[in-house]
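User: Please take a close look at the topic of disulfides in this model for me. One connected account would suit me best.

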Amino acid sequence: MSAECSSYLSADKVPVSGFSCPRAGGDARAVYCCGFQDVKYCCDDPHSFFPYEHGYMWWLSVGALVGLSIAAVVLFAFIITVCVLCYLFISTKPRSKLDAGLSLQVAGKTNC
């Protein structure tokens, strides 16, 4: 069993001639043509071909960066909120100690 990878233009707009899979000197199990419209290679999984240009992967990266940025902003806001609440809790505590109503005496002395 073998597959034919048709010729294509690489991402740099350089023409690449077609080839058949498996390639000479390559993995004998790689009988399928896989990859993108601008990057093709031989592989052993028939479902690894994507009829898109390789450039669409950048949009996935941009989406991941936007998601991570939003998560970082939310985490930063949470940390700031916790710090402000801790400061307010500490600054609103009474500064003087409360009187418990009992006077302390030194051990060993008796008042007679």
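Analyst: Happy to help; let's start with Cys86, which counts as partly exposed because its relative accessibility is 42% (buried means under 20% relative accessible area, exposed over 50%, and partly exposed in between, with a 1.4 Å probe and protein chains only). A word on the basis: this is a predicted model, where local features need pLDDT of at least 70, side-chain atom pairs count only at pLDDT 80 or more, and totals for chains, interfaces and linings use all residues. Residues are numbered from 1 along each chain as its sequence is written, and side-chain values use heavy atoms, with hydrogens and water left out.

Cys83 is also partly exposed, at 47% relative accessible area. Its sulfur lies 6.6 Å from the closest cysteine sulfur, that of Cys86, which is too far for a bond (a disulfide is a pair of cysteine sulfur atoms within 2.5 Å). Cys86, in turn, is in no disulfide.

Now to the bonded cysteines. A search of the whole structure finds three disulfides, and with bonded cysteines counted along the chain they follow the pattern 1-3, 2-5, 4-6.

Cys5 is joined to Cys33, S to S 1.9 Å. The torsion about this S-S bond is about 125°, so the disulfide is right-handed. The link spans distant parts of the chain, 28 residues apart, from Cys5 in strand β1 to Cys33 in strand β5 (residues 32-35); strands (E, at least two residues) and helices (H or I, at least four) are DSSP runs, numbered from the N terminus. Cys5 is buried at 2% relative accessibility, and Cys33 is buried at 17%.

Cys21 pairs with Cys42, with 2.0 Å between the sulfur atoms. This link is left-handed, with -80° about the S-S bond. Cys21 sits in strand β4 and Cys42 in strand β6 (residues 40-43), so the pair ties together parts 21 residues apart in sequence. Both cysteines are buried.

In the Cys34 and Cys43 disulfide, the sulfur atoms are 1.5 Å apart. Cys34 is buried at 1% relative accessible area, and Cys43 is buried at 10%.

Several of these cysteines also belong to the largest nonpolar core, whose eight residues are Ala3, Cys5, Tyr8, Phe19, Cys21, Ala30, Cys33 and Cys42 (such a core is a set of buried Ala, Val, Leu, Ile, Met, Phe, Trp, Tyr and Cys residues joined through side-chain atoms within 4.5 Å). Strands β1 (3-5) and β4 (19-21) each supply at least two of the core residues. Leaving aside neighbours within four places in sequence, Phe19 has contacts (heavy atoms within 4.5 Å) that include Cys5, Tyr8 and Cys42.
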